[in-house]
Amino acid sequence: MKQTRLFKRQLLASSISACTLALAATTASAQTQSDDTPILEEVVVVGIRSAQETALNVKRDAASIVDAISAEDIGKLPDVTIADSLQRITGVQIRRSAGEGAALNVRGMPQVLTMLNGESYLGANSLTTVQPNFTDIPSQLFSGAEVTKSQTASQHAGGITGVVDLKTYRPFSFDQGLTVSGAAQASQGVDSGETDPSVNGLINWQNDRMGFLAAVSHQSANLANYYSGMAGGGSSAGWTGFAGEDWSYGWVTPDASLGDLGSQVVDGGVDVNQDGDLGDAYWSYQGHVAYNRFEERERNGINLAFQADLGHGFELVTEAFYTDMEGFDRVMGMAHSDKWQRWGWFDPTQYTAKDAIANERDLHTVQEYTGNGRRLKSYASVAANEANSTNVNVELNYDNGGAFTGSARLISGSAEQSQLNSYMDIDVADGSQWGVGCQHYPSATEGTQGDCGAGQLKTNPTGYQGYPVLTVNYTGSDPAWSGFDNNANIDIQGEPLAGAPERSLASYLASVDNYGLGALSSENNYDREGDLNVVRFDGNYAFDEGFLTSVDFGIRHSTREVENAEFDLLSPMGPDNCNVKWKATDVDLNGGGIDGACTWADDEGNAYTAGVPTPLSSLSPTQITDFGSVSGLPAIWTVDPASMDNVEAYHNGLYPGTARATNPGRSYEVELEELSYFVQANFATGIMSGNFGLRQVDTDLTVLRNKVGAARPYGAAAQDDGDITTQRDMEELLPSLNLRFDLTDEWVMRAAVSRTMAPLDLAQWGGGLSPSYAIDSEEGSPTEGQFIVIGANADGNPELDMWNATNFDLSAEYYLGNASALSAGWFYVEVDSFIESGTVEMALPDQDGVVRRTVDVSTSVQGDGGVLKGTELAAKLAFGDFTDGALSDFGTDVNYTYSPSNSGNTGLNGETLPFQDNSEHVFNLIGWYEAGPWQARIAYNYRSERVVAFNQTWGEGTLWQQPTAYVDASFSYDINDVASVFFNASNITNEQEEYYLEWEDQFAWQNEYEARYTVGVRATF
């Protein structure tokens, strides 16, 4: 692909030269322009009212249905991030990362093309998508943004329900001469407690012929958020199951003391709800966790621009836009689980029967779990991220006042992204509960620790020995834990262990000496590189009179490529350097049942254990008590995740010789090449105007993946057995019609119909299969003690089709004043083909390469199509447009979007399900005040529940997010004509995001974000 990339770069360079020559030749006979002709200048206006007025002018003058936001001052968008500002637009919904706006939907769908000054670009953390990760874009570099909801043929295709165009400043946007602007601010979160600095500046100079601009931004952020709920959550509910009364409680005997389970034992199972049969099932989690998460982010951005009037109607614009972000995502927490041994490891002490069947049994949701999981652990992880992108635009525009105008553009973008992860389990149990209380190590001697045999050591000699019983209650506003005062040294039936002290679990947790390293791994790391090259020519020919006012036409060629190299860190062990990913106390170097695999054993044939017993006290321990709003948790000890920031150095320090090893199943290359051309007729007669156009898009897709070969032991990825190349051609004709009716000077009516398309996230075509394994501890199982497959994620499928849809729009706009308008819109989106999250069953091999079982694989699946429709209502009012009284300094921006949808899927409760990620109700209420030197604004954003993913538990059950409401505020005071001070507050109410499975009483997890406050000063000269 690299040779292809070089060839295409040369082709693009040749094409832009040809386009430029063609443009010059076409215009050679046009009327020349005097070098003295003045250039129309734009003046940057400031203030909330001015920004609202600018946004309304964009909406009013647009040829289609458009909404916009505008900066209130240089370097000052209305909110902390661009996504936070865009959520104030009707029909826009956002998703957050650590409390910051990260991604958005338009009218309920995330397939939204995001452009930079009218063309595609590469984001630093979004190499595979046409929508950037908005957290890595410094908002201070932008003058505004537009959201187009009814697309035209002249617009680059790539969004289903909308296109976002981010606007940077250009030199001719300012007055002649020198303009200098800058701001400095400090932010702090109520939980993180860190003071985070941020600075930005802009310098611009222009005369009547040319201009230069440089804008820079630097931001630091330390963001606190908290998670509690099911283990393995956060994006999906893959670690869930259904505990059937007839099969999952086989461990229970009549004398068991876990709740009432012992008294409910019947022949063949446990009648948990005592209804006289064993036909019931209960939603089960493999574990329950709580953790705090602190994300450190450092963003930098640079925007450079040169703009020149070349004379004779030609204008040259060159721009370079650079961003980089470095981040550390640090997690510390605790988990109670049964280590994949039993689905029925709990007594559902509060449950609710549902009129639904799951796993062929009567389903019950569970509100309180009382479980005797064998493992209580603390853990720590870090994800170290680096990303940068550079986008260059060279644009030659022509407008000599004649009938023909045109432009030629060359876009070149490149980006790099890398992530290194480190994860550590710290056990409080001694390991005997899963058969690893005593393990063989080269340094062990007979009798050195308790009852361990020759050549053995205890994995965690001071840990608890039993099956501690804990309760997690999910019925309140926040999860509540209890049971830490229970005896930790009881057997699986609840009886005290002979010879073990009667000692509470809390007493074990209190001392760092009772914790030992259980596992260390670094997996799912990646290095990504992306390239984008675009060459395009656009022209317009205007007619002096008649129904047809002008014709737009153009051609565009683009290539977008990404190379994803995923890798794990493997550590060599033993004289034969056996490569091990899972450095864990339950991984024996016995080859894992794989013929010919590397092994390491003593003279007696006893396999040594990979994970070396290491007390936590020697590993930068830290004690944490901060779990957000969760109640009942004691202080725990864990590793300071910051000590693992340099991931490779940390692993090498504990296991010398650690090195990277490619994971072929998750590495890929994807190239998407598009050739599109369009023609669009613009017309006007009487009160009606509009456009009709056709855009043809021809797409060549090439996907290079690796054929996954034989399995390798100790967590290492399977072998690479060669390449698989998939090539596909796709064609799409996209007609569009936009009509505008200027009924009066105040009233505008619009109607539109268009065909839209959007490419997939390139990872959905290229990503591979990633199995998950766990030790089989079932006594008597043919694979007892081996790693068996328990599930998988399949990220990519090259046979998936693009998104495509037919859109219908109607709108009415009433302009009451310069900064005031009312609008109403109706939309209907008929999606022909879409991609959704789902699960499929696949027969996969255990880690020894033998296929023994069928497991659920989480993947992207092709949807059958569906309908999304709705209504948008908006009111932007500056009361000064209507009155000179006390209210004249106030204003408001209120909007509501109603967007019901039907994905074609049905839930366990029999109800039809909406599109994934679509909220039916979105409401924004913004009030503002501007008088003299004072400005103030408060904003409320509400989003109703949304589907996160379908088929989450063994192919059944839907994951939902509860409604959310965020409140933000800002205040500023102009000291004089040059300088102002400001104060911003975001997420004032410390909003929580809560997730559930199918029914609201089946709590899955919650994220809790902190409120943040900012003070700063801004000046413009």
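The paragraphs below lead through a predicted model, beginning with a small open sheet, moving on to runs of paired strands, and ending at a cavity.

A convenient place to start is an open sheet of five strands, whose order is 1-6-7-4-5 and whose pairing is mixed. Its edges are strand 1 and strand 5 (119-120), each of which pairs on one side only. Strand 5 runs antiparallel to strand 4 (residues 113-116), and two bridges join them; within this pair, Leu-116 stands opposite Glu-119 of strand 5. Helix 2 packs on the sheet, where it touches strand 1 and strand 6 (142-148), and the direction of helix 2 makes about 155° with that of strand 1. Both helix 2, which spans 48-61, and strand 1, which spans 66-70, will return in the account of the cavity, since each supplies at least two residues of its lining.

Further along the chain, strand 8 is joined to strand 9 (residues 195-206) by twelve bridges, and the two run antiparallel. One bridge within this pair brings two glycines together, as Gly-182 has Gly-201 in strand 9 for its partner. The two strands form a hairpin with five residues between them, and in the turn Gly-193 has a positive phi of about 75°. Strand 9 also pairs with strand 10 (residues 210-230), again in the antiparallel sense, over nine bridges, and here Ile-203 stands opposite Ala-214 in strand 10. The connection from strand 9 to strand 10 is likewise a hairpin, made through three residues.

The loop that leads into strand 8 also takes part in a link to a distant part of the chain. The side chains of Glu-395 and Arg-170 meet there in a salt bridge, with 3.1 Å from N to O. Glu-395 belongs to strand 19 (residues 375-399), whereas Arg-170 sits in the loop between strand 7 (163-168) and strand 8 (177-189), so that the pair, by the definition of these strands, joins positions 225 residues apart. The salt bridges in the structure come to a count of 50.

A second series of paired strands is found at higher residue numbers. Strand 39 (residues 803-817) and strand 40 run antiparallel and are joined by 13 bridges, one of which has Asp-809 and Phe-827 of strand 40 as partners. A hairpin through two residues connects strand 39 to strand 40. Strand 40 pairs in turn with strand 43, in the antiparallel sense and over eleven bridges, and in this pairing Ser-823 stands opposite Ala-874 of strand 43.

Strand 44 and strand 46 pair over nine bridges in the antiparallel sense, while strand 46 and strand 47 do so over ten bridges. Asn-924 of strand 46 can be followed across both pairings: it stands opposite Asn-895, and its bridge partner in strand 47 is Asn-941. The hairpin of strand 46 and strand 47 has two residues between the strands, and Gly-932 takes a positive phi near 60° in it.

These elements come together around enclosed space. A search of the whole structure finds ten cavities of 30 Å³ or more, and the second largest of them has a volume of about 390 Å³. Which residues lie nearest the centre of the second largest cavity? Of the 28 residues that line it, these are Gln-52, Ala-68, Ile-69, Lys-876 and Asp-893. The elements that each supply at least two lining residues are helix 2, strand 1, strand 40 (820-833), strand 43 (866-878), strand 44 (890-898), strand 46 (921-931) and strand 47 (934-943). Helix 2 gives the most to this lining, with six residues. By residue class, the lining of the second largest cavity divides into 14 nonpolar, six polar and eight charged residues.

Taken as a whole, the lining of this cavity draws on helix 2 and strand 1 as well as on strand 40, strand 43, strand 44, strand 46 and strand 47. Helix 2, which gives the most residues to the lining, is also the helix that packs on the sheet by touching strand 1 and strand 6. Strand 1, for its part, is an edge strand of that sheet.

Technical notes:
Residues are numbered from 1 along each chain as its sequence is written. This is a predicted model: local features need pLDDT of at least 70, side-chain atom pairs count only at pLDDT 80 or more; totals for chains, interfaces and linings use all residues. Side-chain values use heavy atoms; hydrogens and water are left out. On a 1 Å grid over the protein atoms alone, a cavity is a set of points where a 1.4 Å probe fits but cannot get out, and a pocket is an open set with protein on both sides within 12 Å along at least five of seven lines; lining residues have an atom within 4 Å of a point. Grid points are joined across faces, edges and corners, and a volume is the space filled by probe spheres set on the points. Helices (H or I, at least four residues) and strands (E, at least two) are DSSP runs, numbered from the N terminus. Ala, Val, Leu, Ile, Met, Phe, Trp, Tyr, Cys and Pro count as nonpolar, Asp, Glu, Lys and Arg as charged, and the others, Gly among them, as polar. Two strands pair if DSSP finds at least two bridges between them. Contact means heavy atoms within 4.5 Å. Axes are lines fitted to C-alpha atoms, for helices over the stretch in contact, and angles run from 0 to 180 degrees between N-to-C directions. A salt bridge is a side-chain nitrogen of Lys or Arg within 4 Å of a carboxyl oxygen of Asp or Glu.
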